[in-house]
Structure formats: C-alpha cells, structure tokens
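This report sets out selected local features of one protein structure for the bench reader. The sequence and the coordinates are shown first, and the features follow under short headings.

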Amino acid sequence: MNMLTPSPRPVFRWLACAGLLLAGLLLAGLAVPTRAADPAPNLVLIIADDLSPEDCAAYGNKGVRTPSLDRLAREGRRFDRAFVTTSSCSPSRASLLTGRYPHQTGAPQLHQPLPAAQIGFTEHLRAAGYWTAAVGKWHLGAPALPKFDVVKQGGGPSGCEQWAPTLRARPKDKPFFLWLAAIDPHRAYQPATIPEPHRPEAVTVPPYLPDTPEVRRDLALYYDEITRLDGFVGQVLAELEAQGVAENTLVLFMSDNGRPFPRCKTTLYDSGIRTPFIVRWAGRVKAGTASASLVSTVDIAPTFLALAGAKPLPGAEGKDFTPLLRDPTASVREHIIAERHWHDYDDHARAVRTQRWKYIRNSYTDIPNQPPADAVNSPSFQAMRRLRDEGELTPEQSAPFIAPRPAEELYDTQADPHELCNLAAAPEHRAVLQELRAELEAFARRTADAAPPQRRPDEFDRETGKKR
Ligand SMILES: [Ca+2]
C-alpha cells in the first residue's frame with residue numbers, strides 16, 4: 001500500500017525546511033546591525049554640577065545616599081584619579097565638548113559662549129550617523145546650540161526631569177549620544193528637597209572647613225541634591241533596560257567641577273578639579289573594578305569618537321583612554337593639567353598633577369584663594385568670616401582670606417590628600433618642583449598659554465558676595 005501510493009511527507013518536509021530556512025534568514029537579517037558584527041555603541045554622558053567624588057557613597061562617603069551611582073560602580077569601573085581641566089562650569093563643559101584645554105576654546109572664563117567655529121565632538125558623531133541630544137543644563141551659549149541635533153534646556157529644579165523622557169522619545173533607527181547635564185547639586189539650597197533629608201550629624205566635614213552647625217547644615221542640603229540627582233540617574237538606567245539597549249550603551253558619570261564650598265570649587269586643589277568618573281559598559285568594562293590611572297575630561301572627546309568609529313577632532317588635546325576600559329592598570333598619561341581663569345572674581349593659575357604630586361603656579365599673588373560668589377554667599381563662608389574675626393579659624397581654614405598667597409605650591413597628594421602642607425620651599429623636593437615647573441612651561445609654550453594682557457575686575461564683593 002505504501003509502496004503504491006507515494007507519500008506526501010518528503011514534500012512537506014522539504015517545504016517545512018525551506019520555510020524554516022527562510023524564517024531564519026529573515027530573523028538573522030533583522031538582527032544584523034547596520035554596522036556589521038560590532039555595532040556602534042550608544043553613549044550616555046551624565047554631568048553633575050558641582051559634585052566632588054568624596055561626596056558619593058561609591059567613593060567611600062557612606063553618609064550620602066547614592067544608590068544609582070553605587071549600582072553604576074558595581075556594574076562598571078570607578079576611576080579614582082579623574083580630573084576636569086578647570087573647576088568652573090561653562091569653561092569645563094567647553095573643554096569637554098571640544099577636547100581642548102579651556103584657554104584654547106575661546107571660552108575660558110565663566111559664562112563666555114563657546115564660539116561656533118570651535119568644533120564639538122558631537123559634530124563628528126553626527127557625521128558618523130549618531131543622533132545627539134543635550135538635555136538639562138546648557139551653559140555653553142547660543143552659538144554652540146547647532147552642535148547637537150536636539151538641545152532641551154532646563155525642565156525643572158534638578159535639570160534632570162527631561163532626561164528619561166528624551167531617551168524614551170529618541171529615534172530608534174540610529175545609535176545615540178546623550179549629554180545629560182544636571183543642575184544638581186549646584187547652589188542655592190532649600191530644605192525638603194528629598195523626602196528623607198540627610199542629617200547634619202551624618203556629613204563629613206573636610207579639615208579646611210570649620211566643623212560648625214552652619215557648615216554641617218549646608219553640607220547636608222548639598223547631600224540632599226546629590227540624592228535627588230541620583231534618582232534621575234536611576235531613571236535613565238531603567239529606561240535603557242526597558243528599551244533593551246543597556247548592553248550596548250556606555251554610560252559615563254562625571255561632574256563639571258568640585259563641591260561649591262570654600263577651598264573647593266574654582267580652586268586647583270583636588271577638591272576643585274577631581275571628579276567622580278564611573279564607566280559602565282556591560283561585557284566590555286569589567287564590573288565592580290576601580291582604576292587609579294590618571295584620566296582627564298579632555299580625553300572624553302577623542303575616546304568617544306574612537307569608540308564610535310568617527311573621525312578624530314583636529315586640534316584636540318585629549319588622549320583616547322580606551323586602553324583604560326580594557327585594563328584598569330593601563331596608563332594613557334603621565335600627568336593632567338588644569339587651569340584657573342576668571343570666575344566671578346579675578347584669578348589666573350595653572351596646575352600639573354602626577355600620580356603623586358601637585359604643582360600650582362599662581363599668576364596673581366596679590367589676591368586670596370577666593371571661593372566663587374555662590375560659595376561666598378553660603379552659610380558656610382559667612383560662618384567662616386565670623387570665626388575669622390573671632391580668631392577661631394585654623395591656618396588651613398583661613399586660606400580663602402589670606403593675601404598675598406604663594407606664587408608656587410607643591411603638594412604630596414599621597415601623604416597630604418587635602419593639600420594643606422605646601423612643600424614648594426622644601427629643599428628635599430626641589431627636583432620634583434623643577435620637573436613640574438618645566439612641565440607647565442612646556443605646556444604653555446606648546447599651547448600658547450599666557451595670562452591675559454589685562455586683569456578683569458571682580459563682579460562681586462569678596463566678603464559679602466553682593467553684586468558690584
Ligand atoms: Ca558647575
């Protein structure tokens with residue numbers, strides 16, 4: 001019977017196989033990314049405003065609640081020696097976007113707009129097929145707006161309210177770059193920013209600030225804004241997961257400058273220029289690791305362009321730090337350079353920092369090491385003025401009031417992490433001083449760096465912070 005009537009089964013088998021093969025090819029076709037086997041990574045850069053790494057739990061401060069940053073560090077790599085090129089908001093951002101030092105951007109002083117002729121790395125990302133958006137704080141001026149496809153400014157007190165919604169509404173047919181800039185934890189501070197505010201007893205008071213109730217309350221309010229910012233970082237991480245793109249997205253968290261307190265923001269001490277720097281990139285950067293290698297925010301532009309397979313920026317100064325993503329013990333630079341320019345008050349200084357040493361050269365020794373106007377207006381600084389008048393400040397706490405100040409400063413950051421003991425005159429460290437001095441002089445020659453021909457007047461009173 002079977003021999004006489006041909007069975008239809010082989011035909012069905014063949015049809016079934018062909019169908020499966022076709023379906024497989026179709027599925028494979030859909031899964032193949034537009035850029036061959038290694039798809040261009042999405043890049044998310046999160047920029048806090050005035051945050052020092054010492055004020056994140058991931059960097060050891062258990063008094064501040066930053067669960068999302070803790071998670072980023074747990075799932076990525078924490079960089080412990082990462083630095084901005086200047087401790088000042090808009091110049092730091094202009095340097096980051098152009099991959100150049102502040103004096104090379106045409107916008108070295110606070111609030112100066114970045115000239116349109118300065119090329120931002122986003123322009124090369126766009127040429128390579130990326131969709132680019134800046135969301136939250138802008139502070140780069142109108143001429144730089146066209147360097148992104150989309151710029152959404154503000155959105156709420158935190159500056160972060162539009163981050164996740166913008167990510168949700170992105171075009172889904174392109175790799176993306178997001179510049180997510182917070183206004184937190186920038187001053188001014190209000191009570192009840194978060195449901196469970198930090199207690200003043202829980203804060204860590206650095207030794208160059210007096211341990212008074214005013215300073216503790218001020219630090220606690222600063223911590224509250226850090227926690228608020230942290231919540232928005234968590235929303236972005238959740239949205240990346242919801243879209244199924246977390247695996248192929250590099251997230252980098254940093255700050256534009258250090259905490260807005262005296263002897264921190266605008267200074268060239270680590271409290272001004274050291275930044276949190278956490279990179280998460282699943283499967284590419286080993287989770288839960290830390291790196292002590294030097295890295296600068298001027299390095300981000302060349303690194304992101306290299307990762308995206310985009311053209312490098314002409315005239316960029318930064319170094320591609322992708323070796324540090326593969327190996328936390330790799331090295332891409334021997335030192336970092338940082339600059340100080342006019343910021344509310346007149347100033348001009350430069351610093352070079354190696355793994356161990358910090359050398360600072362102050363051009364205007366006649367003025368004190370002034371905090372910015374927002375910090376002068378803070379309860380902390382006003383308490384310090386009172387204590388100064390009462391003779392109750394330690395020498396290191398008095399620094400913001402003392403002039404003249406030294407032309408040169410040298411610190412051993414390993415033995416003296418708060419940079420309180422100036423070794424510039426110590427005979428046993430003369431060789432280090434000369435080496436770092438020569439390094440700064442070479443930098444000045446190579447990049448045509450010099451103090452401006454004219455001093456710029458202060459915009460605020462140095463004691464009261466009132467606008468002049
Ligand atoms: Ca800032």
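## Strand pairing around strand 2

Arginine 77 stands opposite valine 279, a residue of strand 7. The model in which this pairing is found is predicted. Strand 2 covers residues 77-83 and strand 7 residues 278-280, and the two pair in the antiparallel sense over 2 bridges.

Strand 2 also pairs with strand 8 (residues 289-296), here in the parallel sense and over 6 bridges. Within this pairing, arginine 81 has leucine 294 of strand 8 as its bridge partner.

## The largest pocket

The largest pocket holds about 510 Å³ of space. It is lined by 23 residues, and those closest to its centre are Glu54, Asp270, Arg274, Pro417 and His418.

Strand 2 gives the largest share of this lining, with 3 residues. Both strand 2 and helix 7 supply at least two residues of the lining. By residue class, the lining of the largest pocket consists of 10 charged, 7 polar and 6 nonpolar residues.

## The calcium site

The calcium ion is coordinated at 2.2 to 2.8 Å by Asp49 (OD), Asp50 (OD), Asp256 (OD), Asp256 (OD) and Asn257 (OD1). Along the chain, the donors follow the spacing D-D-x205-D-N. Distant parts of the chain are thereby linked: aspartate 50 lies in the loop between strand 1 (42-48) and helix 2 (67-75), and asparagine 257 lies 207 residues away in the loop between strand 6 (249-255) and helix 7 (270-273).

Aspartate 50 counts as buried because its relative accessibility is 0%. Asparagine 257 is likewise buried, with a relative accessible area of 0%.

## Cysteines

The count of disulfides is 0. A disulfide requires a pair of cysteine sulfur atoms within 2.5 Å. For cysteine 56, the closest cysteine sulfur belongs to cysteine 160 and is 14 Å away, so the distance is too far for a bond. For cysteine 160, the closest cysteine sulfur is that of cysteine 89, at 13 Å, which is again too far for a bond.

Cysteine 56 is buried, with a relative accessible area of 1%. Cysteine 160 is also buried, with a relative accessible area of 1%.

## Helix 8

Helix 8 (residues 300-308) is largely enclosed by the rest of the structure, because 8 of its 9 residues are buried. The buried residues are Ile300, Ala301, Pro302, Thr303, Phe304, Leu305, Leu307 and Ala308. Glycine 309, just after helix 8, takes a positive phi of about 70°.

## Backbone features in the loops

The peptide bond from aspartate 184 to proline 185 is cis, with omega near -5°. Proline 185 is placed in the loop between strand 5 (176-181) and helix 6 (213-242). A cis peptide bond, with omega near 0°, also leads from alanine 403 to proline 404. Proline 404 lies in the loop between helix 11 (379-389) and strand 12 (408-412).

Histidine 139, a residue other than glycine, has a positive phi near 65°. Histidine 139 is found in the loop between strand 3 (131-136) and strand 4 (150-153), and it counts as partly exposed at 22% relative accessibility. Arginine 263, which is not a glycine either, has a positive phi of about 65°. Arginine 263 belongs to the loop between strand 6 and helix 7 and is buried, with a relative accessible area of 5%.

Note on methods:
Residues numbered from 1 in each chain as written. Predicted model: local features only at pLDDT ≥ 70, side-chain atom pairs only at ≥ 80, totals over all residues. Heavy atoms only, no water. Donors = N, O, S within 2.8 Å, 3.2 Å for Na, K, Ca; no water. Helix = DSSP H or I, 4+ residues; strand = E, 2+ residues; numbered from the N terminus. Buried < 20%, exposed > 50% of the residue type's maximum accessible area, 1.4 Å probe, protein only. Pairing = 2+ DSSP bridges. 1 Å grid on protein atoms, 1.4 Å probe; cavity = no way out; pocket = protein on both sides within 12 Å on 5 of 7 lines; lining within 4 Å. Points joined across faces, edges and corners; volume = space filled by probe spheres on them. Nonpolar A, V, L, I, M, F, W, Y, C, P; charged D, E, K, R; others polar.
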